[in-house]
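Biologist: Please give me a close look at one part of this protein, the largest nonpolar core. I am new to this, and I would like to know which residues and elements build it.

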Amino acid sequence: MNIFFHRYIEMLFPYSDLLTTSTDYEAVALVFHSERQTGTLISNVYYMKQISLAILKSLPICRVIGVRGFIRGLSILRSMSSLWLSMFGDQKYMHLDMLVVQERYRGQGYVSKIMMPLLAECREKNALCTLETQTPSNLPIYEHHQFRTVKVIPLPNSALEQYCMAFTPDSAE
């Protein structure tokens, strides 16, 4: 998994901020900024190139999960679309693309240490904050931070569902 996450962060870094709770990295988040992706033909070609490179650089993971596992993983990832974000039109958003808390720090408030400054920035910029999770047990954590589920997408060839959630700054306390 280390290979995958390293390549994923490398691919999205030009459009994102990497947030952490401290230099001990108890929790880490990758936050995509909609205004950093220009949507031009050149930027889209560059983005597709980054995806292709990330896939190629992730091939060593086949030694651990096998070729079939790698292909199945790519298939599931491909179906995890963020196209649902188009429902917000041209509204500026910050997308919480990844949030990881080291196992030994879970349940100690580290999610809040990431979320509070992120949501404060969203309020300041009047930007939505969006995210997707495939883990139903994560829903109460995000709901605690005033995210609401706006769409549930079943993932093909999988028992997983993608829960699409949004935080709207003007509906926050």
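Modeller: I will begin with the whole chain, then go into the core, its cysteines and one of its strands.

This is a predicted model. The protein has 173 residues, and 34% of them count as buried. Its secondary structure consists of 5 helices and 6 strands, in the order α-β-β-α-α-β-α-β-α-β-β along the sequence. Among contacts between residues at least 6 apart in sequence, 64% join residues at least 24 apart. The accessible surface is about 10600 Å², and carbon and sulfur atoms hold 58% of that surface.

Now the core. It has 22 residues, and the members that touch the most others are Leu96, Met115, Leu118, Cys129, Tyr142 and Phe147. Two or more residues each come from strands E2 (27–33), E3 (93–101), E4 (128–133) and E6, and from helices H4 (110–125) and H5 (139–144). H4 gives the largest share, 7 residues.

Leu96, which lies in E3, shows how these elements meet. Leaving aside residues up to four places away in sequence, Leu96 touches Ala29, Leu30 and Val31, which lie in E2. From H4, Met115 and Leu118 are in contact with Leu96. Thr130, Leu131 and Glu132 of E4 touch Leu96 as well, and so does Tyr142 of H5. A second core of 9 residues is separate, and its members include Tyr15, Phe32, Leu85 and Tyr93.

Cys129 needs a further word, as one of the core members listed above. The closest cysteine sulfur to that of Cys129 belongs to Cys122, at 4.2 Å. A disulfide needs the two sulfur atoms within 2.5 Å, so this pair is too far apart for a bond. The count of disulfides is therefore 0. Both cysteines are buried: Cys122 has a relative accessible area of 0%, and the value for Cys129 is also 0%.

Last, the strand E6, which gives two or more residues to the core. E6 (residues 161–167) pairs with E5 (residues 148–154) in the antiparallel sense, over 6 bridges. One bridge joins Pro154 to Glu161 of E6. The hairpin of E5 and E6 has 6 residues between the strands, and there Asn157 takes a positive phi near 60°.

Methods:
Residues are numbered from 1 along each chain as its sequence is written. This is a predicted model: local features need pLDDT of at least 70, side-chain atom pairs count only at pLDDT 80 or more; totals for chains, interfaces and linings use all residues. Side-chain values use heavy atoms; hydrogens and water are left out. Buried means under 20% relative accessible area, exposed over 50%, partly exposed in between (1.4 Å probe, protein chains only). Helices (H or I, at least four residues) and strands (E, at least two) are DSSP runs, numbered from the N terminus. Contact means heavy atoms within 4.5 Å. Accessible areas come from the Shrake-Rupley method with a 1.4 Å probe; for residues, only the protein chains shown count as cover. Two strands pair if DSSP finds at least two bridges between them. A nonpolar core is a set of buried Ala, Val, Leu, Ile, Met, Phe, Trp, Tyr and Cys residues joined through side-chain atoms within 4.5 Å.
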